[in-house]
Amino acid sequence: MLVFATSDKGGTGRSVTCANLAYRRALLGGDVSYVDFDFGSPTARAVFELDGDGRAAGPGVHTYLQHRASEARQIDVWAHSRRRELRLRPATSGRLELFPGDPGGGEFPTDDTTAARCAELFLRLEEEFDITFVDLSAGRSYAVDLALRTTARPELAETPVRWLVFHRWTRQHIIATADLVHGDRGILAAGALMGHDQRRLGERIRYVRAAVPRLDTAAGGEPRPAQAEWLVACDRELSDLAAGHRLGRTSVLGTVPLDPVLQWREQLITDADALISRVANRETVDALRDLAHALTDPACWESL
């Protein structure tokens, strides 16, 4: 299965949440790959804590797609992460491999030659791994265009594909996300121009609400009564707004709460982070685990 992750803009928590989902799926025993297609600002090295390892430096996916490297480089996260908890790989886990991007590589236009090269990579990953996460650049980027162009090719017609669109729980992000998917130049319209069945493509898209604050807390502790009432009213307003923009609950795969570890460190959250050191919230671990299960839960993709 190919899982494409995108967002309306940067700062949504897309990359760190997607990396955590890859980690959770590997813990469940699946062989997982993570491909950093955020050509403008690849961050997966840092999230998997590979940024101090020489294997994470040098040419990446960007170079491979432009025919300037014969192979797409990959790194075993379990073996080479700087983080001790990740190197202690559970015996029941599957593989977790990173295909890094090129730091400072920048966006680049795509064509049929690039799409053919990309299709070769995706078919190889589909054969080798149970799930491949492809972290795309934010917005209507060249990376999104390449993903749409490639998955429209006949050789990938039978490949299971899912799209996760991440957004923060704010008015601006809800509106921008609706435009990213449903706008005149959005993912659905662009996909149709590239040969996708627009209805079928829409059925493969689910939304992830990221960095959602809890209504029973506020900055500095428990909210005052007036704040609590205001927070509940805002949440109700945002729910109505999301439903009106076709981002309602039936199209949401999951919600990830606001968590200081995701916000400040942008790292993988282990069970030990929530249960032993307690630097992360248990609710965050539960949300990530639920999302990881939902990716392959038929009930969450009934239209398919």
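At what angle do H1 and helix H14 pack, and how far apart are their axes? In this predicted model, the angle between H1 and H14 (residues 282–294) comes out at about 70°, and the axes sit 9 Å apart. Angles of 65 to 115 degrees count as roughly perpendicular, so that is the label for H1 and H14. On the H1 side, the contact is made by Thr-17, Asn-20, Leu-21, Arg-24 and Arg-25, and H14 puts in Val-285, Leu-288, Arg-289, Leu-291, Ala-292 and His-293. Sorted by class, that makes five nonpolar, three polar and three charged residues.

H1 itself (residues 14–27) passes a simple length check: at 1.5 Å a residue, its 14 residues should span 20 Å, and the end C-alpha atoms are indeed 20 Å apart. The helix is also largely enclosed by the rest of the structure, because 13 of its 14 residues are buried. Tyr-23, which belongs to H1, has a relative accessibility of 6% and so counts as buried. Setting aside residues up to four places away in sequence, Tyr-23 touches Trp-78, Leu-86, Leu-96, Leu-268, Ile-269 and Thr-270. Leu-193, by contrast, is 170 residues from Tyr-23 in sequence and 34 Å from it in space, C-alpha to C-alpha. Just past the end of H1, Gly-29 adopts a positive phi of about 105°.

A little further along comes strand E2 (residues 32–37), which holds Ser-33. With a relative accessible area of 0%, Ser-33 is buried. Beyond its neighbours within four places in sequence, the contacts of Ser-33 are Glu-97, Phe-99, Leu-125, Phe-129, Ile-131, Thr-132 and Phe-133.

A second crossing involves H6 (residues 112–128) and H7 (residues 142–151), which pack at about 75° with axes 9 Å apart. These two helices are therefore roughly perpendicular as well. From H6, the residues that meet H7 are Asp-112, Thr-114, Ala-115, Cys-118, Ala-119 and Phe-122; their partners in H7 are Leu-146, Arg-149 and Thr-150. The class breakdown here is five nonpolar, two polar and two charged residues.

Now for the nonpolar cores. The largest one has 46 residues, and Phe-4, Phe-37, Leu-65, Leu-136, Trp-163 and Ile-187 have the most contacts inside it. H6 is the biggest contributor to this core, with six residues. Trp-163 is worth a closer look: leaving out neighbours within four places in sequence, its contacts are Phe-4, Thr-6, Leu-136, Val-144, Ala-147, Leu-148, Ile-187, Leu-201, Arg-204, Ile-205, Arg-206 and Trp-301. There is also a second, separate core of 42 residues, with Met-1, Ile-269, Ala-280 and Ala-292 among them. Two of these names have already come up: Ile-269 is touched by Tyr-23, and Ala-292 takes part in the contact between H1 and H14.

Finally, a couple of backbone oddities. Most residues other than glycine have a negative phi. Arg-246 goes the other way, with a positive phi of about 65°. This arginine sits in the loop between helix H11 (225–244) and strand E8 (252–257), and at 55% relative accessible area Arg-246 is exposed. Arg-278 also has a positive phi, of about 60°, without being a glycine. Its place is the loop between helix H13 (271–275) and H14, and a relative accessible area of 66% makes Arg-278 exposed too.

Terms used. Residues are numbered from 1 along each chain as its sequence is written. This is a predicted model: local features need pLDDT of at least 70, side-chain atom pairs count only at pLDDT 80 or more; totals for chains, interfaces and linings use all residues. Side-chain values use heavy atoms; hydrogens and water are left out. Axes are lines fitted to C-alpha atoms, for helices over the stretch in contact, and angles run from 0 to 180 degrees between N-to-C directions. Helices (H or I, at least four residues) and strands (E, at least two) are DSSP runs, numbered from the N terminus. Angles under 35 degrees count as roughly parallel, over 145 as roughly antiparallel, 65 to 115 as roughly perpendicular and the rest as oblique. Contact means heavy atoms within 4.5 Å. Ala, Val, Leu, Ile, Met, Phe, Trp, Tyr, Cys and Pro count as nonpolar, Asp, Glu, Lys and Arg as charged, and the others, Gly among them, as polar. The expected span of a helix is 1.5 Å times one less than its number of residues. Buried means under 20% relative accessible area, exposed over 50%, partly exposed in between (1.4 Å probe, protein chains only). A nonpolar core is a set of buried Ala, Val, Leu, Ile, Met, Phe, Trp, Tyr and Cys residues joined through side-chain atoms within 4.5 Å.
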